[in-house]
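Biologist: Could you take me on a close look at the second largest cavity in this model? I'd like to know what kinds of residues line it and where they come from.

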Amino acid sequence: MRVLRLKNPPSVIGCASVVGGKEHDGPLGADFDLHDETGTFGMDTWEKSESEMQRLALNLALAKGKCGDDVPEVIFAGDLMNQCTGSAYGLLGFCKPYFGLYGACSTFAEATVLGSLLISAGYFKNAAAISSSHFCSAERQFRFPLEYGGQRAPTAQWTATAAGAAILSASGNGPYVTEVLPGMIVDKGINDVNNMGAAMAPAAIDTLTAYFAETGKQPRDFDLILTGDLGLEGHAITLELMKERGYDMTDVYNDCGLLLYGRSSQDVHCGGSGCGCSASVICGHIMKRFAKGELKNILYLATGALMSPGRLKQGATIPGIAHLVRISAEKNGWEG
Amino acid sequence: MNLDTNEYGKFVRARAPKSPVLKNCLCAFLVGGGICAFAEALFHGYLALHITEENVKTLVPVTLIFLAALLTGFGVFDDVAKIAGAGTLVPITGFANAVASPAIDNKSEGLVLGVGAQMFTVAGPVIVYGVLTSVIYGFIYWIWGIAV
């Protein structure tokens, strides 16, 4: 069995999102807690800006959750930068036990899965899940210099300047993390770095198929099925291939990368990507919809492309991963 | 469809939107042509200032490199290049941008290990293989000179 049903579902007691100017100008702009038009967050390098975003996001999440000094007991965090330095430097000042994760853009779900499992098992009373990405630090590391004059492929995606933090706790009034499904590494031979959606979609399909097959549930049992950052291409591929497998998700399926930007007006080609993309959409937009009662039961699966530019130059293909988190308004939400 | 690697690759390639080649070619032609026309105007402008033709042939590319690097610094070059594509890439302006942009990016890592070491990460291959090609060409030219 790959689906893990949490015996003591942890509650999200506080969450916060911090974004850059472009993300704030997008359709979800009003849902984010904090933004900086310049994306610098008062720092003199992009790497420091990303760390500052994580620091701000965790601080805000703790404040919104009215948390005391004892929270969080542990931090699970990650980002896209080499050696996970966005998280390490950003969270240094909190003086809390820390696990640095690398799941590429799946990191926020990975952090939520691990935090939820350890809280449910009773090892921690609460935990923080955080991830971030910054367009400028990611471009430098994965693509070309920022001012380099080039054209993007139509299938390319835009790394979000965003961070999201959630405080999970053994006690709280929800929403709750009721089930998780840790993803497997799936590589279907895509080597086009400009088509990450296609590279990651097979992982999402694997995770979703495993979930539906094991639980016997159908897509219509959920208010929303939300992938992390598959973008336009990955979203369409997932929808089509899931339908072929007998799971029609047409009415309930969306993608954080598609929600974050106005795709045609903001010149982001296939949509958003990056660890911060789904983290900010979940902690900003989705949690607000839970609070309003618009959502009761969702499947969130963040997808990551586990590649490095060096390995791709050596001829490797792009493996993907997708961790699934079921979020429910009710503690016994899995009964529904 | 079973997610067989080959089949999936074909499926993905078949459905991926293609770059608008015709539009890109037209933009590249107009902007690239514009840059060349501007260079031609510079050429005649410098000649009109009674500079020798030999010096003008150096001054024109120097001016273009300077302007491209300056516009890169102002953050304008990439906005134009996004539309122009090969139009800004192929002339010497593209080369100037390829050197200036990593220099700006890596400034935070210091003048030696940042700017100095990483300035040629994009343009480096062009220099290496450009020089190599020149050497090979020169060698053939030399052999040809002896033979004839």
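Modeller: Sure, let's go by class: the lining of the second largest cavity has 12 nonpolar residues, one polar residue and no charged ones. Keep in mind that this is a predicted model. In all, 13 residues line this cavity, and the space inside comes to about 90 Å³. If you want to find the spot on screen, look for A:Val12, A:Phe108, A:Thr112, A:Ala166 and A:Met287, which lie nearest the centre of the second largest cavity.

Now, where does the lining come from? Four elements of chain A each supply at least two residues: the strands β2 (11–20) and β8 (162–169), plus the helices α4 (107–120) and α9 (275–291). The biggest giver is α9(A), with three residues. Zoom out a little and you'll see domain 1 (4–169) and domain 2 (176–330) of chain A both giving residues to this lining, so the second largest cavity lies between them.

For contrast, have a peek at the largest cavity, which holds about 180 Å³ of space. It has 15 lining residues, and the closest to its centre are A:Leu80, A:Cys105, A:Arg143, A:Met196 and A:Met307. Here the classes split into 10 nonpolar, three polar and two charged, whereas the second largest cavity has no charged residues in its lining. The largest cavity also draws on both domains of chain A, with at least three residues from each of domain 1 (4–169) and domain 2 (176–330). And that completes the tour, as the structure holds two cavities of 30 Å³ or more.

Methods. Residues are numbered from 1 along each chain as its sequence is written. Chains are lettered from A and ligands numbered from 1 in the order in which they are written. This is a predicted model: local features need pLDDT of at least 70, side-chain atom pairs count only at pLDDT 80 or more; totals for chains, interfaces and linings use all residues. Side-chain values use heavy atoms; hydrogens and water are left out. On a 1 Å grid over the protein atoms alone, a cavity is a set of points where a 1.4 Å probe fits but cannot get out, and a pocket is an open set with protein on both sides within 12 Å along at least five of seven lines; lining residues have an atom within 4 Å of a point. Grid points are joined across faces, edges and corners, and a volume is the space filled by probe spheres set on the points. Ala, Val, Leu, Ile, Met, Phe, Trp, Tyr, Cys and Pro count as nonpolar, Asp, Glu, Lys and Arg as charged, and the others, Gly among them, as polar. Domain bounds come from an automatic or database domain assignment.
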